[in-house]
Amino acid sequence: MKCIVGIGGMTNGGKTTLTNSLLKVLPNCCVIHQDDFFKPQDQIAVGEDGFKQWDVLESLDMEAMLSTVQAWMSNPRKFARAHGVSVQPDALDTHILILEGFLLYSYKPLVDLYSRRYFLTVPYEECKWRRSTRSYEVPDPPGLFDGHVWPMYQKYKQEMEANGVEVVYLDGMKSREELFHQVREDIQNSLLNHS
Ligand SMILES: Nc1ncnc2c1ncn2[C@@H]1O[C@H](COP(=O)(O)OP(=O)(O)OP(=O)(O)O)[C@@H](O)[C@H]1O
Ligand SMILES: NC(=O)c1ccc[n+]([C@@H]2O[C@H](CO)[C@@H](O)[C@H]2O)c1
Ligand SMILES: [Mg+2]
C-alpha cells in the first residue's frame, strides 16, 4: 500500500520539526521537502511592494516537485533505496511518502494525491516571533513578514478553503511531543483502515 501524507501549513508552524520526528518511526517512510524546490534567487519576481516574492507558488519549481513525487509513486522501493531509506521486509508492504512544506495544497496536480493533509498553524504573534529567530538562506529584509509573508499565507489559506480542500488542522502551539504522538497515531489509524 502507498500512502502520501502532507505536513503543510504556515511558515514556522513546526512542519520540519514534526516531519523529522515522524520519519524516525514510520515504516518505509520517504520525504520530499518543498523548500528544496525554490527557484534560484535571480528568478524570483520583485513585487510592487519592493519585496522579492518568495512566498508565492511561482517561486517554486512545482513541476520538478511533482516529478519527484511521481518517481516515488512508480517505484517506492527503488526511491527509498536511492534515498538511503532502509526498506523493511513487511507483509503489509506499506510505503509512506511525507510531503513537507508551506504551499502543499495550492498546486492542483498534487492536491488529490494525499491520503491525509495536515495543516499546522500558530497565532500571528507567535509566527512572527518564531520567524524572527530564524536565519534563512536569503535573510528576511525588514518588513517582509508583515508586507509579504503573512498576507500571502492568508491569501493561499483562503483559496484552499474556498476550493474545499479538506485538511486536518493541527495546533502548532502544542508541544513537539504532543504533536508527534497525535499525528503518529492518526497516520497509523488511517493505515489500518486502508489495509
Ligand atoms: N511544537 C513546537 N513548540 C514550540 N516551538 C516549536 C515547535 N515546533 C517547532 N518549534 C520551533 O519553531 C521554529 C520553526 O520550526 P520548524 O522549522 O519546524 O517550522 P517550519 O514550519 O518547518 O518553518 P519554515 O517556514 O522555516 O519551513 C523552530 O525554531 C522550532 O524549533
Ligand atoms: N529556502 C530558500 O531558498 C528561501 C529563501 C527565501 C525565503 N525562504 C522562506 O522559506 C519559507 C518556507 O519555508 C517561506 O516563507 C520563504 O519566505 C526560503
Ligand atoms: Mg521548514
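Helices H1 and H7 pack at an angle of about 50 degrees, and their axes are 10 Å apart. The model described here is predicted. An angle that falls outside the ranges for roughly parallel, roughly antiparallel and roughly perpendicular counts as oblique, and H1 and H7 are therefore oblique to each other. The crossing in which H1 passes H7 is right-handed. By class, the contact of H1 with H7 has 6 nonpolar, 2 polar and 2 charged residues. On the H1 side the residues are Thr17, Leu18, Ser21, Leu22 and Val25, and these meet Arg176, Leu179, Phe180, Val183 and Arg184 of H7.

**The two ligand sites**

The helices H1 and H7 also take part in the surroundings of ligand 1. Helix H1 (15-25) and helix H7 (176-194) each supply at least two residues of the shell around this ligand. The most is given by H1, with 3 residues. There are 17 residues around ligand 1, and those that come nearest are Thr11, Gly14, Lys15, Thr16 and Thr17. Thr17 is also one of the H1 residues that meet H7. By class, the shell of ligand 1 has 2 nonpolar, 9 polar and 6 charged residues.

Around ligand 2 are Thr11, Asp35, Phe38, Trp54, Asp55, Phe102, Tyr136, Glu137, Val138 and Val149. The class counts for this shell are 6 nonpolar, 1 polar and 3 charged residues. Thr11 is listed among the residues that come nearest to ligand 1 and is also among the residues around ligand 2.

**Asparagines with positive phi**

Asparagine 12 lies in the loop between strand S1 (2-9) and H1. Its phi is near 65 degrees, a positive value in a residue other than glycine. Asparagine 12 counts as buried because it has 23 C-beta neighbours inside 10 Å.

Asparagine 28 is placed in the loop between H1 and S2. Although asparagine 28 is not a glycine, it has a positive phi of about 45 degrees. With 21 C-beta neighbours inside 10 Å, asparagine 28 likewise counts as buried.

**Alanine 80 and its contacts**

Alanine 80 belongs to helix H3 (residues 76-82). It is buried because 20 other C-beta atoms lie within 10 Å; the threshold for this class is 20 or more. Not counting residues up to four places away in sequence, alanine 80 touches Asn28, Cys30, Val85 and Val87. The contact with Asn28 joins separate parts of the chain: alanine 80 and asparagine 28 are 52 residues apart in sequence and 7.2 Å apart in space, C-alpha to C-alpha.

**The loop between S2 and H2**

Glutamine 43 is found in the loop between strand S2 (29-33) and helix H2 (62-74). Serine 59 also lies in the loop between S2 and H2. Glutamine 43 is exposed because it has 10 other C-beta atoms within 10 Å. Serine 59, with 19 C-beta neighbours inside 10 Å, counts as partly exposed. Leaving aside neighbours within four places in sequence, serine 59 is in contact with Phe38, Lys39, Ile44, Gln53 and Trp54. Of these contacts, Phe38 and Trp54 are also among the residues around ligand 2.

**Leucine 191 in H7**

Leucine 191 is situated in helix H7. It has 19 C-beta neighbours inside 10 Å and so counts as partly exposed. Apart from its neighbours within four places in sequence, leucine 191 is in contact with Cys3 and Thr94.

**Separations along the chain and in space**

The table sets sequence separation beside C-alpha separation for four residue pairs that involve residues described above.

| Residue pair | Separation along the chain | C-alpha separation |
|---|---|---|
| Alanine 80 and asparagine 28 | 52 residues | 7.2 Å |
| Glutamine 43 and serine 106 | 63 residues | 20 Å |
| Leucine 191 and methionine 1 | 190 residues | 8.7 Å |
| Serine 59 and glutamine 41 | 18 residues | 9.0 Å |

Definitions and conventions. Residues numbered from 1 in each chain as written. Chains lettered and ligands numbered in written order. Predicted model: local features only at pLDDT ≥ 70, side-chain atom pairs only at ≥ 80, totals over all residues. Near = placed C-beta within 6 Å. Helix = DSSP H or I, 4+ residues; strand = E, 2+ residues; numbered from the N terminus. Nonpolar A, V, L, I, M, F, W, Y, C, P; charged D, E, K, R; others polar. Buried ≥ 20, exposed ≤ 12 C-beta atoms within 10 Å, placed from the backbone. Contact = placed C-beta atoms within 7 Å. Axes fitted to C-alpha atoms, helices over the stretch in contact; angles between N-to-C directions. Parallel < 35°, antiparallel > 145°, perpendicular 65-115°, else oblique. Left-handed = near helix turned anticlockwise from the far one by under 90°.
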